[in-house]
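The questions below go through a two-chain structure, and each one is answered in a few sentences. Please keep the sequence and the coordinates open while reading.

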Amino acid sequence: MDAPDWNREKELFDLVIQMGELILVNGGEIYRAHETMEYAARNFGLTGFQDFIIANGIFASVIAEGHVYSTQIRWIPLVPTELCRVEAVNELSREVAEGRCTPEELREKLQSVKTMRASGEGLRILASGFGAASFCYLFQGSWADTAVAFGAGIALYWFLLKVLHRIRLPKIMETILSSAVSSLFCVAALRLGFGDDLNHMILGAVFPLVPGVPLTNAVRNLLENDYLSGLVRLADALLTAGCIAIGAGMALTLGRLLGGGF
Amino acid sequence: MENELLIQTGMAVIGTISFSILFGVPRRHYAACGIIGGVGWLVYLLSLKAGCSMVVSTFFASMVLATLSRAVAFRLRTPTTLFLLCGIFPLVPGAGIYYTAYYFLMEMQGPFLQKGVETLQLAVAVTLGIGVAYSIPARIFGWKSSPPVWDSGEHSGK
């Protein structure tokens, strides 16, 4: 009998970690990352697989070379969700389970999943406009407010994708600036005689940034007794909301200074 | 009023599709996401009309919406998150958390507390709605024939 190939074991473990990482980074749930990794490890014949996952980190170990523990730690940044990648990894996990995908194929496919995008920048900018407009209307904005929110939503994502993503800024500055830009759009529109209620317009305009889903995920984690992930996400959601409010407040103050009356 | 109901639901559909684009959902699922979001908002409006409070209506709506997301996800063999995360968007307290932060910075203690509590209540209502929908046995959705990993993960909710 040949001696087992320890390098191969390491490579397989690496693939398992990559799958979990891709799911968690792109907005998949913690349990999905856990189950996918555990299942892939079993399929690859890795023994003693153990993992511990929180919202922004993965810790996992397997038994390597038959007797020692091998451990990998990954930090998971809190970045925008890209759900098509979660779906792709889920599909790959199924293919592995059914033996339709060898580790070599998996490595290649995971590489392509890492850069996968479901839609281009243009479509996203347009979607931001429609999203802002529809939520402005749902929160009792008039049709005129809705129209202004549409423009502000487009301005928001245009600024975020075309300007801010070119110059690397900290996340909180990005949020403050993009919120300020779209709120300023609303202030300017009102000065030019478009729209009825500034509050409704601004609420719609900043809606693509608002952390409603992260907040809900945080509460979900807390109620599932995952206090660490819950607190990480709660802090992130509150900080984001604070940044949006600072941006909107800046725009309102500026509007008041430039010949007030709001 | 009937008309308003229809327009609002239509707006919720548009909003949900917009956010499914921003969340990077694959193109072929846009329609499903939109319909799920629209149904959720419709249940919310009808429940409000029937005299329920905002929190209770949000609970009902997210329960229906999460159940629907699971059913659709099982049919299309896709993670439930895809539909849930987008469909839930109209119900999560996005406006609430924004106003909470805004009043906090403006030093308006009364509205800040009121909005903060409301935001938390709504977030808990959504969570409980999802929790109830996730405790429906996976078997009901016809998810028997696949490997146990997707099955056990789905109904343990963890």
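A residue counts as buried if 20 or more other C-beta atoms lie within 10 Å of its own, and as exposed if 12 or fewer do. The model discussed here is predicted.

Q: What is the count of buried residues in strand E3 of chain A?
A: Strand E3 of chain A covers residues 68–75, eight residues in total. A residue needs 20 or more other C-beta atoms within 10 Å to be buried. The strand is hardly covered, and its count of buried residues is zero.

Q: How many bridges join strand E2 to E3(A), and which residue is the bridge partner of Ser61(A)?
A: Strand E2 of chain A, residues 57–64, runs antiparallel to E3(A), and eight bridges join the two. In E3(A), the residue that pairs with Ser61(A) is Thr71(A).

Q: Which residue in the turn between E2(A) and E3(A) has a positive phi?
A: The two strands form a hairpin, with three residues between them. A positive phi of about 50° is found in this turn at Glu65(A).

Q: What pattern does chain A follow along the sequence?
A: Chain A has 10 helices and three strands. Read in sequence order, these elements give α-α-β-β-β-α-α-α-α-α-α-α-α.

Q: What is the radius of gyration of chain A, set against that of a compact globule?
A: The C-alpha atoms of chain A fill a box of roughly 85 × 35 × 30 Å along the principal axes. A compact globule of 262 residues would have a radius of gyration near 18 Å. For chain A the value is 23 Å.

Q: How far apart are the C-alpha centres of the two domains of chain A?
A: Chain A is divided into domain 1, residues 6–114, and domain 2, residues 121–257. Five residues of domain 1 are in contact with seven residues of domain 2. On the domain 1 side, these residues divide into four nonpolar, one polar and no charged. The centres of the two domains lie apart by 34 Å.

Q: Why does the largest nonpolar core lie between the domains of chain A, and which residue of chain B is among those that touch the most other members?
A: Domain 1 and domain 2 of chain A both give residues to this core, so it lies between them. The core has 130 residues, and those touching the most other members include Val16(A), Cys186(A) and Ile244(A). From chain B, the residue listed with them is Tyr98(B).

Q: Which cysteine does Ala205(A) touch, not counting residues up to four places away in sequence?
A: Ala205(A) is one of the residues that touch the most other members of the largest nonpolar core. Its contacts include Ala149(A), Ala152(A), Leu156(A) and Phe185(A). The cysteine it touches is Cys186(A).

Q: What share of the residues in chain B is buried?
A: Chain B comes to seven helices and zero strands. Of its contacts between residues at least 6 apart in sequence, 61% join residues at least 24 apart. Of the 158 residues in chain B, the buried share is 53%.

Q: Which helix of chain B gives the most to the side that touches chain A?
A: The contact takes 43 residues from chain B and 51 residues from chain A. Helices H1, H4, H5, H6 and H7 of chain B each supply at least two residues of the chain B side. By class, that side has 29 nonpolar, 12 polar and two charged residues. With nine residues, the helix that gives the most is H1(B).

Notes. Residues numbered from 1 in each chain as written. Chains lettered and ligands numbered in written order. Predicted model: local features only at pLDDT ≥ 70, side-chain atom pairs only at ≥ 80, totals over all residues. Helix = DSSP H or I, 4+ residues; strand = E, 2+ residues; numbered from the N terminus. Contact = placed C-beta atoms within 7 Å. Nonpolar A, V, L, I, M, F, W, Y, C, P; charged D, E, K, R; others polar. Pairing = 2+ DSSP bridges. Rg over C-alpha atoms; globule rule 2.2 N^0.38 Å. Domains from an automatic or database assignment. Core = buried A, V, L, I, M, F, W, Y, C linked by C-beta atoms within 7 Å.
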